[in-house]
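Visitor: I am new to this structure. Please take me on a close look at its salt bridges, and then show me what lies in the nonpolar interior.

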Amino acid sequence: MIDIIMPAYLPTENHHKLLLRAILSLENQTYKDFSVIIVLNGCYTDYDIIKNSIKTSLDITWLTIEGKASGAIARNTGIYHSTKKYIAQLDADDQYHPRKLEKQIKFFNSYPEYSFVGALANDFMSSTDIKNSCFSKHQYRNHFDIARALQKSNIMCHGSIMFKRKVFIDMGGYNEKNKPGDVWPEYGARMWEDWDLWKRSIQQGHKFYNMPERLYYWSTNTGVER
């Protein structure tokens, strides 16, 4: 039913440890009908060492890219390999709330006219230091508010979003031509691959929803330049 795509650029041993933590959050999901595709690239050590360090009953497919790849390339690699109806994503340094998949698939089953379903996030500094991230509960919940806000800024938590794979394929996937954070000629402004996909999808009439619950844990001070 669901493939979870994990782009794993692991430049340090600490990022390897964060990957283990991310996988643990998947083991703790209340919804179990999912597989995992991990796309290793640009790692600090041999890929086999990382693969062999993962002791889990999860159904994991490992894909590898030699050298350091952009997030767009790594995500596209995983999603195009998938055959599942729904795609969820988890950055290798972040975590899911235990009911994240359960709540999102329940929404899709109830409202099949939607193509993208996100959630709010928490900023995760440590297990004893977790704070609300960004927006209030109902600030950007319905499609109209999301579509209007996305014209000016990217208000969706990328890692939290689950979407229909067919819609993603029909949209041509993530833009790999331009570097995230650079000025993209199409927009004449700084742009990122996820924001670009959301904007193109809305222009094509696809519907978005943001669950008013904090189901994603975004880790602070662990990001790396891609």
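Guide: Here is a walk through the salt bridges, followed by the nonpolar cores. Keep in mind that this is a predicted model. The count of salt bridges comes to nine.

Start with aspartate 91 and arginine 75. Their side chains meet in a salt bridge, at 2.9 Å from N to O. This pair links distant parts of the chain. Aspartate 91 sits in the loop between strand 4 (86-89) and strand 5 (95-96). Arginine 75 belongs to helix 3 (residues 71-81). The two are 16 residues apart. Are they buried or exposed? Aspartate 91 has 19% relative accessibility, and the limit for buried is under 20%, so aspartate 91 counts as buried. Arginine 75 is at 7%, so arginine 75 counts as buried too. The pair also has company: Arg75, Asp91 and Glu193 are linked in a network of salt bridges.

Now turn to helix 5 (residues 143-150). Aspartate 145 and arginine 148 both lie in this helix. They are three residues apart, about one turn of the helix. Their side chains form a salt bridge at 3.5 Å, N to O. Aspartate 145 is buried, at 18% relative accessibility.

Helix 6 (residues 165-170) holds another bridge, between aspartate 170 and lysine 166. The N to O distance is 2.8 Å. These residues are four apart, so about one helical turn separates them. Here the partners are exposed. Aspartate 170 has a relative accessible area of 53%. Lysine 166 is at 60% relative accessibility and counts as exposed.

Next, the nonpolar interior. In soluble globular proteins, nonpolar side chains tend to be buried together. The largest nonpolar core in this model has 39 residues. Ile2, Ile4, Met6, Leu26 and Leu101 touch the most other members. Several elements each supply at least two residues of this core, among them strand 1 (2-9), helix 1 (13-27), strand 2 (34-41) and helix 4 (100-110). Strand 4 is also one of these suppliers.

Take isoleucine 4 as a sample. Leave aside its neighbours within four places in sequence. Isoleucine 4 is then in contact with residues including Leu26, Phe34, Val36, Ile37, Ala88, Leu90, Tyr96 and Leu101.

Another core lies apart from the 39-residue one. This other core has 30 residues, including Leu150, Phe168, Met171 and Ile202.

How values were computed:
Residues are numbered from 1 along each chain as its sequence is written. This is a predicted model: local features need pLDDT of at least 70, side-chain atom pairs count only at pLDDT 80 or more; totals for chains, interfaces and linings use all residues. Side-chain values use heavy atoms; hydrogens and water are left out. A salt bridge is a side-chain nitrogen of Lys or Arg within 4 Å of a carboxyl oxygen of Asp or Glu. Buried means under 20% relative accessible area, exposed over 50%, partly exposed in between (1.4 Å probe, protein chains only). A nonpolar core is a set of buried Ala, Val, Leu, Ile, Met, Phe, Trp, Tyr and Cys residues joined through side-chain atoms within 4.5 Å. Contact means heavy atoms within 4.5 Å.
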